[in-house]
Amino acid sequence: MQRNKASLRNKLILPQEWLYKGVSISAVVVAFGFWEIGSRFQLFNPVFVPSPELVWAAFTDILREGYKGHSLYYHILASMQRLFLALVLALATAIPLGILCGSSRLLMALFDPFIEFYRPLPPLAYYTLLVLWFGITDVSKVALLFLSAFPPLFIAGVYSVQCIPGDRINVAKSLGASNWRLLVYVVFPSCLPDLLTGLRTSVGVAYSTLVAAEMVAAISGVGWMVLDASKFLRNDIIYVGIIIMGVIAILLDSCIRAVLRRTSPWVGKE
């Protein structure tokens, strides 16, 4: 009986998922259609909104010949390398520190004032300091992305620990679990859904800071490509860079959501 109910529920959910995906795809198609029609009937000023044909021509040109001496793949790889390095550093530091601070009020009182002080600051406000400290190399850019990615992961770690039911911890202790086993088999799996949600936010914040990170003394990266094209009023290249960054962001977020569904399939379901 239970198996039949579960099977019926899966059959009902599947058409709904395809319906929502169809609505999303239709909305994108309508938006591009409106862009094409507006360009053909000159509803948009081409100085500000180039036609899809011009944007596609710029994309194929960059894909074939590159931009300022480097291929498009090189610029994408340069941006992704900076982003992933910063995220790895943030994951390795913010999550353990957040879990520890969520478990200890003393540690929370020690670190929270500093994180809450710089968390609301715009990245450009302290980017100049990072350039003075670390120079104009990629170190300052990675440091900026790291600092922007750190707070969401830290807050997710603190919040996830504080939301663990006390009974779950007490049951594990009563069964003889050591502190290490308690951390590995109880605390971390319980925190994982919130940590992955925090990672989604962290990736978004760091990704939006990528353009700022590539503003100073950069000669590669998608963000730099957009900024450099703006100096020459190449709005077609600007649109190409923005669309590429948006597509990459969607792919990154989709990967994180896939991991979340695989590791925590119960999230968002009754």
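1. A word on terms before we start: a residue is called buried when its relative accessible area is under 20%, exposed when that area is over 50%, and partly exposed in between. On that scale R64 is exposed, because its relative accessibility is 59%. Please keep in mind while reading that this is a predicted model.

2. R64 is a good place to begin with the charged pairs. Its side chain meets that of D61 in a salt bridge, with an N to O distance of 3.4 Å. Both residues belong to helix 2 and sit three residues apart, about one turn of the helix. The partner is covered to another degree: D61 has a relative accessible area of 29%, so D61 is partly exposed. In general terms, side chains of opposite charge can pair when their charged atoms come close.

3. Helix 1 offers a pair to set beside that one. E36 and R40 form a salt bridge through their side chains, at 2.4 Å from N to O. How far apart are E36 and R40 in helical turns? They are separated by about one helical turn, because they lie four residues apart in helix 1. As for cover, E36 counts as buried because its relative accessibility is 17%, whereas R40, at 62%, counts as exposed.

4. A third salt bridge links R234 and D236, whose closest N and O atoms are 3.0 Å apart. R234 is partly exposed, since its relative accessibility is 36%. D236 has a relative accessible area of 14% and is therefore buried. Elsewhere, salt bridges with shared partners join E36, R40 and E53 into one network. The structure holds ten salt bridges, and the three pairs described here are among them.

5. Now to the pockets. The second largest pocket has about 260 Å³ of space. Its lining consists of 15 residues, and those nearest the centre are W56, F59, V240, I243 and I244. Which helices each supply at least two residues of this lining? They are helix 1 (2-40), helix 2 (52-65), helix 3 (72-103) and helix 10 (235-263). The chemistry of the lining is easy to state: 15 nonpolar residues, no polar residues and no charged residues.

6. One contact between distant parts of the sequence may interest you here. V240, one of the residues nearest the pocket centre, has its C-alpha atom 9.8 Å from that of T60, although the two residues are 180 apart along the chain. T60 is found in helix 2, which also holds R64 and D61 from point 2. At 25% relative accessibility, T60 is partly exposed, because that value falls between the limits for buried and exposed.

7. Last, the outer surface. L129, L132, W133, F134 and V139 make a nonpolar surface patch of about 560 Å². Where does the largest share of the patch come from? Helix 5 (residues 123-134) gives that share, with four residues. W133 is in helix 5. Is W133 buried or exposed? W133 is exposed, because its relative accessible area is 61% and the cut-off for exposed is over 50%.

8. To pull the nonpolar features together: one is the surface patch that takes its largest share from helix 5, and another is the second largest pocket, with no charged residue in its lining. Helix 2 is a handy landmark when you browse the model, as it supplies at least two residues of that lining and carries the R64 and D61 pair.

Conventions:
Residues are numbered from 1 along each chain as its sequence is written. This is a predicted model: local features need pLDDT of at least 70, side-chain atom pairs count only at pLDDT 80 or more; totals for chains, interfaces and linings use all residues. Side-chain values use heavy atoms; hydrogens and water are left out. Patches are made of residues with over 30% relative accessible area and no salt bridge: like charges are joined within 9 Å, nonpolar side chains (Val, Leu, Ile, Met, Phe, Trp, Tyr) within 5 Å. Accessible areas come from the Shrake-Rupley method with a 1.4 Å probe; for residues, only the protein chains shown count as cover. A salt bridge is a side-chain nitrogen of Lys or Arg within 4 Å of a carboxyl oxygen of Asp or Glu. Buried means under 20% relative accessible area, exposed over 50%, partly exposed in between (1.4 Å probe, protein chains only). On a 1 Å grid over the protein atoms alone, a cavity is a set of points where a 1.4 Å probe fits but cannot get out, and a pocket is an open set with protein on both sides within 12 Å along at least five of seven lines; lining residues have an atom within 4 Å of a point. Grid points are joined across faces, edges and corners, and a volume is the space filled by probe spheres set on the points. Ala, Val, Leu, Ile, Met, Phe, Trp, Tyr, Cys and Pro count as nonpolar, Asp, Glu, Lys and Arg as charged, and the others, Gly among them, as polar.
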